[in-house]
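This report walks through one protein chain and its ligand. Keep the sequence and the 3D view open while reading.

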Amino acid sequence: MSDPRRAVPALGRLLDRPAVVEAITEHGRDPVVTALRAALDQVRRTASAGGRIEDEDALIASVLAAVEARPALQLTPVINATGVLLHTNLGRAPLSPEAVAALTTAAGTVDLEVDLGTGERGGRDAPIRDPLTRLTGAEAAFAVNNGAAALVLALTALAGDGGVAVSRGELVEIGGSFRIPDIVRSAGTQLVEVGTTNRTHAHDYRAAVEAGASAILRVHPSNFRMDGFVHRPTTAELVEVARAADVPFIDDLGSGLLRAHAAAPDEPVVAERIAAGASVVVFSGDKLLGGPQAGIIAGEAELVERCRRAPLARALRLDKLRMAALAATLSAYERDAAGGLPVWSMAETDVTTLRTRAEAIADAIADASVDPDVEVVALQAVLGGGSTPGATLPSAGVALTGPADRLARRLRTGRPAVVPRIVDDRVVLDLRAVPPEADGQLIEAVRAAIATLGTTAGPDTA
Ligand SMILES: *Cc1c(COP(=O)(O)O)cnc(C)c1O
């Protein structure tokens with residue numbers, strides 16, 4: 001009887017097969033050879049055990065599918081067709097061209113901590129310090145890694161031994177395991193719960209600080225809404241309680257709205273909270289502010305300085321790339337040009353414009369295929385990123401009839417990747433978060449995804 005392992009194809013021969021040569025051109029030699037070796041090892045084991053060996057074509061097809069499906073080594077550009085403008089899993093706010101240019105400049109050697117006039121060491125956050133104080137009306141401001149870091153730092157530096165008073169209605173999870181009770185604990189301070197889940201009054205906070213709590217924290221309900229028999233003190237009431245007891249009032253605003261906007265009716269405006277007397281506010285850089293990931297602390301000079309000097313500040317500090325992108329983003333607000341920031345131009349686009357684009361896209365897709373069917377649909381988009389929960393923006397897009405899960409997968413694994421929504425078993429492409437200049441790419445991506453649906457070589461058909 002002949003040795004069954006003789007039937008195992010030789011690596012050298014497989015490497016000459018046209019499909020493999022093509023895959024090496026596309027993905028590089030290493031990943032293809034590694035995947036082939038692993039597959040051949042497996043075949044040898046199967047053969048030794050007397051199992052049936054796949055034919056060579058099937059073997060190559062499954063190896064190439066594995067190479068295709070391997071996780072990307074770099075971040076892949078995505079067309080966000082979800083209708084969620086600030087999608088945390090897709091990197092939240094896209095940056096403006098000015099912010100991207102600033103970031104590119106900062107990639108080289110820059111005057112991050114040197115005053116070029118004197119040659120002396122300068123402050124690291126010089127490019128953002130003044131714009132932030134001007135835009136928020138705060139005495140002082142600085143920025144760290146993200147909103148969560150800003151909150152931890154503020155609590156560490158400002159909540160003393162007496163712990164921090166937080167309403168039971170605000171002991172929330174913001175997402176990604178960010179839970180207020182855990183954050184308070186990890187900041188090395190104590191949680192002093194006040195009030196009840198649905199109703200907390202000014203006198204609850206007053207009782208807590210009179211009993212020794214050394215700070216008050218309010219957390220904006222970013223991603224949920226509470227209706228019915230509910231009560232929360234006004235900002236003025238909290239300010240009064242904090243001032244009477246001489247403790248800092250830390251206001252976690254979440255999104256960091258720098259100017260009031262009709263699309264975000266429930267979001268606190270930073271300058272209004274500062275003017276109303278919050279001791280410090282913290283907010284994110286990449287939510288409605290429209291900049292890079294960052295967390296900003298703004299407020300009374302003495303308190304902000306305590307945050308800046310805290311040892312933890314060094315561990316949470318902002319890098320030069322995001323410092324540059326944040327400065328460029330803030331400059332759009334200072335020039336009264338924030339409407340041009342991607343997040344705001346997406347939010348402000350007229351729905352009839354979206355509908356016209358949807359019609360053109362539907363025509364172009366229908367042109368290329370009979371199946372699946374394409375239909376222009378009215379949609380509701382959301383700001384996302386924990387902003388104005390429940391509020392929607394009228395939107396438009398196209399719905400594709402067909403095998404929704406498979407088509408969505410093909411769209412996600414195409415290049416550029418397209419992340420759609422699935423509604424009632426149909427793939428839906430919402431245009432509100434798609435920049436108009438990406439429409440051409442979107443059409444191509446959808447055509448390509450539909451074209452490959454009928455084939456069997458893809459990784460999802462195994
Ligand atoms: C989003 C959010 C945070 C966390 O900010 P990140 O920038 O995501 O770290 C904290 N608090 C509130 C109220 C938020 O909405």
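## Helix H4

Asp 55 caps helix H4 at its N-terminal end, with a side-chain oxygen 3.0 Å from the backbone nitrogen of Asp 57. The model is predicted. H4 covers residues 56-69. Its 14 residues should span 20 Å at 1.5 Å a residue, and the end C-alpha atoms are indeed 20 Å apart.

Which residues of H4 are buried? They are Glu 56, Leu 59, Ile 60, Val 63, Leu 64, Ala 65 and Val 67. Their cover includes three helices: H1 (11-15), H2 (18-27) and H3 (29-48).

## The chain as a whole

The protein chain has 462 residues, and 48% of them count as buried. It holds 18 helices and 16 strands. Along the principal axes, the C-alpha atoms fill a box of roughly 95 × 55 × 50 Å.

Take the contacts between residues at least 6 apart in sequence: 73% of them join residues at least 24 apart. The accessible surface of the chain is about 22,000 Å². Carbon and sulfur atoms account for 52% of that surface.

## The ligand site

The ligand has 13 residues around it. Those that come nearest are Ala 148, Ser 222, Asp 252, Ser 284 and Lys 287. By type, the shell divides into four nonpolar, six polar and three charged residues.

Three side chains place polar atoms by ligand oxygens. For Ser 222, the distance from a polar side-chain atom to a ligand oxygen is 2.4 Å. For Ser 284, a side-chain N or O atom is 2.7 Å from an oxygen of the ligand. For Arg 92, the corresponding distance is 2.9 Å. On its own the ligand has 380 Å² of accessible area, and the protein covers 93% of this. Two elements give two or more residues each to the shell: helix H7 (147-158) and strand S9 (249-254).

## Leu 153 in helix H7

Helix H7 also contains Leu 153. Is Leu 153 buried or exposed? Its relative accessibility is 0%, so Leu 153 counts as buried.

Beyond its neighbours within four places in sequence, Leu 153 contacts Phe 142, Val 144, Ile 297, Cys 307, Ala 310, Leu 312, Ala 313 and Leu 316. Arg 308 is 155 residues away from Leu 153 in sequence. In space, the C-alpha atoms of Leu 153 and Arg 308 are 8.7 Å apart.

## Helix H14

Helix H14 runs over residues 320-334. From first C-alpha to last, its 15 residues reach 21 Å, close to the 21 Å expected at 1.5 Å a residue. At the start of H14, a side-chain oxygen of Asp 319 comes within 2.9 Å of the backbone nitrogen of Leu 321. After H14 comes Asp 336, with a positive phi near 60°.

How many of the 15 residues of H14 are buried? Eleven are, so the helix is mostly covered. Among them are Arg 322, Met 323, Leu 326, Thr 329, Leu 330 and Tyr 333. The cover over the buried residues includes helices H5 (97-106), H6 (126-136) and H15 (342-348). Strands S3 (140-144) and S11 (295-299) are also part of that cover.

## Unusual backbone geometry

Most residues other than glycine have a negative phi, and most peptide bonds are trans. Several places in this chain depart from that pattern.

Arg 92, met above at the ligand, has a positive phi near 50°. Arg 92 sits in the loop between strand S2 (84-86) and H5. Why does Arg 92 count as partly exposed? Because its relative accessible area is 22%, and partly exposed runs from 20% to 50%.

Asp 246 has a positive phi near 55°. Its loop lies between helix H10 (235-245) and S9. At 70% relative accessibility, Asp 246 is over the 50% cut-off and therefore counts as exposed.

The peptide bond that joins Arg 415 and Pro 416 is cis, with omega about -5°. Pro 416 is in the loop between helix H17 (404-413) and strand S14 (417-419).

Definitions and conventions: Residues are numbered from 1 along each chain as its sequence is written. This is a predicted model: local features need pLDDT of at least 70, side-chain atom pairs count only at pLDDT 80 or more; totals for chains, interfaces and linings use all residues. Side-chain values use heavy atoms; hydrogens and water are left out. A residue is near a molecule or strand if one of its heavy atoms lies within 4 Å of it. A polar contact is a pair of N or O atoms within 3.5 Å; within protein, one must be able to donate a hydrogen and the other to accept it, and residues adjacent in sequence count only if both atoms are side-chain atoms. Accessible areas come from the Shrake-Rupley method with a 1.4 Å probe; for residues, only the protein chains shown count as cover. Helices (H or I, at least four residues) and strands (E, at least two) are DSSP runs, numbered from the N terminus. Ala, Val, Leu, Ile, Met, Phe, Trp, Tyr, Cys and Pro count as nonpolar, Asp, Glu, Lys and Arg as charged, and the others, Gly among them, as polar. The expected span of a helix is 1.5 Å times one less than its number of residues. Buried means under 20% relative accessible area, exposed over 50%, partly exposed in between (1.4 Å probe, protein chains only). Contact means heavy atoms within 4.5 Å.
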